[in-house]
Amino acid sequence: MNSLYLLVDFFTVIIPLLFSFHAKIKFHLSWKSFFSASIIVAIIFIIWDSVFTHLGVWNFNPNYIVGIYFFKLPIEEILFFICIPFSCVFTYFCLDKFYQLKWNPKNEIIFCLIFCGILLVIGIIHLDKLYTSVTFISTAFVCILLKFILKINWFGKAVTVYAILLIPFFIVNGILTGTGIEGAVVNYNEAENLGIRILTIPIEDAFYGFEMILLNIYLFKWFEKTFNKKIVKITS
């Protein structure tokens with residue numbers, strides 16, 4: 001089924017896209033901020049993805065893609081870096097809007113330090129495994145950068161939302177890694193990861209996704225403030 005990956009992208013984004021226009025949500029008013037952020041993050045991850053594909057860390061099953069490539073990546077993989085962040089940032093936007101998700105500041109700091117420490121230790125121990133080391137170390141770096149240098153106050157919120165998003169994550173990523181289908185859409189070189197899988201999903205994927213979503217949320221918020229300031233200046 002050559003359209004499988006494309007359908008995964010479509011069904012991942014279609015419901016959040018439609019609900020963006022809901023009168024109580026109005027996420028469509030923030031599309032400019034989202035797409036400005038998403039394009040920047042997508043470029044980073046497309047480069048990462050392209051390099052890892054070239055190095056044989058993973059490859060794509062031609063039976064599940066339409067055959068259109070950019071930067072030696074299937075068009076579906078390019079769309080993945082827009083569709084998945086859209087759904088995730090939309091979810092963060094809604095939950096933050098309607099629920100109190102803020103953590104105790106001290107607990108947030110403690111969690112971040114322990115989390116980053118574990119990631120760094122695992123990443124350094126497994127420097128011989130490219131996907132593991134790059135993902136764990138870069139995720140720790142992003143968390144430290146955002147929490148302790150850029151001093152965000154929503155790290156705990158992001159953790160809570162991502163924990164909720166792990167449910168659809170297991171469905172979407174499960175399909176891509178072979179759950180419920182004859183072969184995986186994305187094949188991984190087991191020599192470059194820990195070999196620990198949740199169903200068919202390499203454990204590294206969960207941290208790869210968390211890093212991507214953190215960067216999207218940060219830049220989304222930054223663009224929201226920047227564009228709102230410009231509007232205030234124009235109207236004042």
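Colleague: Let's start with C116. Is it buried or exposed?

Modeller: Keep in mind that this is a predicted model. The general idea is to look at relative accessible area, where under 20% means buried. C116 comes out at 3%, so it belongs with the buried residues. C112 is buried too, with a relative accessible area of 0%.

Colleague: Which cysteine sulfur is closest to that of C112, and how far away is it?

Modeller: The idea here is that two cysteine sulfurs have to be within 2.5 Å to count as a disulfide. For C112, the closest cysteine sulfur is in C116, 3.9 Å away, and that is too far for a bond. Seen from the other side, C116 is in no disulfide, with the sulfur of C112 as its nearest. The structure as a whole holds 0 disulfides.

Colleague: Okay, on to charges. How many salt bridges does a search of the whole structure find?

Modeller: You look for a side-chain nitrogen of Lys or Arg within 4 Å of a carboxyl oxygen of Asp or Glu. Searching the whole structure that way turns up 3 salt bridges. One of them joins K157 to D96, with the closest N and O atoms 2.9 Å apart.

Colleague: Where do K157 and D96 sit along the chain?

Modeller: Find helix α6, residues 155-176, for K157, and helix α3, residues 75-98, for D96. They are 61 residues apart, so this pair links distant parts of the chain. As for accessibility, K157 is buried at 15%, while D96 is partly exposed at 25%.

Colleague: What does K147 form a salt bridge with?

Modeller: Its partner is E108, and the closest N and O atoms are 2.4 Å apart. K147 lies in helix α5 (residues 130-149) and E108 in helix α4 (residues 105-125), so the bridge ties together parts that are 39 residues apart in sequence. K147 is buried, with a relative accessible area of 11%. E108 is buried as well, at 2%.

Colleague: And E190 with R197: are they buried or partly exposed?

Modeller: Their side chains meet in a salt bridge, 2.4 Å from N to O. E190 is partly exposed, with a relative accessible area of 38%. R197 is also partly exposed, at 31%.

Colleague: Now the pockets. Which residues lie nearest the centre of the largest pocket?

Modeller: With a pocket, a handy way in is to take its space, then its lining, then the kinds of residue there. The largest pocket has about 650 Å³ of space. Its lining has 35 residues, and nearest the centre you'll find F80, I84, F169, V172 and N173. Elements that each supply at least two lining residues include α1 (4-19), β1 (58-60), β4 (186-188) and α7 (204-235), and α3 and α6 do so too. By kind, the lining splits into 27 nonpolar, 5 polar and 3 charged residues.

Colleague: Can we read the second one in that order? Which element gives the largest share of the lining of the second largest pocket?

Modeller: Sure. The second largest pocket has about 380 Å³ of space. It is lined by 15 residues, with W154, Y218, K221, W222 and K225 nearest its centre. Two elements, α3 and α7, give two or more residues to that lining. The largest share, 8 residues, comes from α7.

Colleague: How do the residues of that lining divide by kind?

Modeller: For the second largest pocket, the lining has 7 nonpolar, 2 polar and 6 charged residues.

Key
Residues are numbered from 1 along each chain as its sequence is written. This is a predicted model: local features need pLDDT of at least 70, side-chain atom pairs count only at pLDDT 80 or more; totals for chains, interfaces and linings use all residues. Side-chain values use heavy atoms; hydrogens and water are left out. Buried means under 20% relative accessible area, exposed over 50%, partly exposed in between (1.4 Å probe, protein chains only). Helices (H or I, at least four residues) and strands (E, at least two) are DSSP runs, numbered from the N terminus. On a 1 Å grid over the protein atoms alone, a cavity is a set of points where a 1.4 Å probe fits but cannot get out, and a pocket is an open set with protein on both sides within 12 Å along at least five of seven lines; lining residues have an atom within 4 Å of a point. Grid points are joined across faces, edges and corners, and a volume is the space filled by probe spheres set on the points. Ala, Val, Leu, Ile, Met, Phe, Trp, Tyr, Cys and Pro count as nonpolar, Asp, Glu, Lys and Arg as charged, and the others, Gly among them, as polar.
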